[in-house]
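Student: I would like to learn how to read a structural model feature by feature. Could we go through one together, with the criteria stated as we go?

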Amino acid sequence: SYWVCAFAVNQHCSICAENAQHTRDPVTGKTHPLCDCGCPKHLNHSPPLRSDGKSVLCEMNKFDDVMAYLSATDGDFAQVS
């Protein structure tokens, strides 16, 4: 059997107010616009931090933790490559 990794994180709320690399739309050439939605930003090093220095509230730094947990708790867990 197969499964698709479809963990959902709200990347918009993490990156919408900045374009640190000044990336551009490949078609129009215009700099990607910034959003002023006001979502709180929780980046990888935003406090509070875990003992390994990663943010507790960041949604985008948990993939490895989830994979390690599944591997440790499910004997049939495997990666399809």
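**Reading the model**

Tutor: Let us start at one residue: Ser-81 is exposed, with a relative accessible area of 94%, where exposed means over 50%, buried under 20%, and partly exposed in between (1.4 Å probe, protein chains only). Ser-81 lies in the segment after H2, and its C-alpha is 32 Å in space from that of Ser-51, with the two positions 30 residues apart in sequence numbering.

Student: What kind of model is this, and how are its residues numbered?

Tutor: This is a predicted model, in which local features need pLDDT of at least 70 and side-chain atom pairs count only at pLDDT 80 or more, while totals for chains, interfaces and linings use all residues. Residues are numbered from 1 along each chain as its sequence is written, and side-chain values use heavy atoms, with hydrogens and water left out.

Student: How many helices and strands does the chain have?

Tutor: Helices (H or I, at least four residues) and strands (E, at least two) are DSSP runs, numbered from the N terminus. By that rule the chain has two helices and zero strands; Cys-39 is found in the loop between helix H1 (11–15) and helix H2 (63–73).

Student: What does the radius of gyration say about the chain as a whole?

Tutor: The radius is taken over C-alpha atoms, and the reference for a globule is 2.2 Å times the number of residues to the power 0.38. A compact globule of 81 residues would come near 12 Å, but this chain has 17 Å, and its C-alpha trace spans about 50 × 35 × 20 Å along the principal axes.

Student: Which share of the residues is buried, and how much surface is accessible?

Tutor: Of the 81 residues, 11% count as buried. Accessible areas come from the Shrake-Rupley method with a 1.4 Å probe, and for residues only the protein chains shown count as cover; the chain's accessible surface comes to about 6600 Å², of which 57% belongs to carbon and sulfur atoms.

Student: What share of the contacts links residues 24 or more positions apart?

Tutor: A contact means heavy atoms within 4.5 Å. Among the contacts in the chain with a separation of 6 or more, residues 24 or more positions apart account for 35%.

Student: Which residues does Ala-17 touch, and which does His-45 touch?

Tutor: Leaving out residues up to four places away in sequence, Ala-17 touches Leu-34, Cys-35 and Lys-41, while His-45, with those sequence neighbours likewise not counted, touches Gly-53 and Ser-55. Ala-17 lies in the loop between H1 and H2 and is partly exposed, with a relative accessible area of 41%. His-45 is found in the loop between H1 and H2 and is exposed, at 62%. The C-alpha atoms of Ala-17 and His-45, 28 residues apart along the chain, are separated by 17 Å, whereas His-45 and Gly-29, 16 residues apart in sequence, are 31 Å apart in space, C-alpha to C-alpha.

Student: How many disulfides are there, and why is Cys-37 not bonded to Cys-39?

Tutor: A disulfide is a covalent bond between the sulfur atoms of two cysteines. The criterion here is a pair of cysteine sulfur atoms within 2.5 Å, and a search of the whole structure finds zero disulfides. The closest cysteine sulfur to that of Cys-37 is in Cys-39, at 3.5 Å, and so it is too far for a bond. Cys-37 is partly exposed, with a relative accessible area of 38%, and Cys-39 is partly exposed at 24%, whereas Cys-58 is buried at 4%.

Student: Where should I look for backbone angles worth checking?

Tutor: The peptide bond from Pro-47 to Pro-48 is cis, with omega near 0 degrees, and Pro-48 has its place in the loop between H1 and H2. His-22, which lies in the loop between H1 and H2, has phi near 55 degrees, a positive value in a residue other than glycine; His-22 is exposed, with a relative accessible area of 58%.
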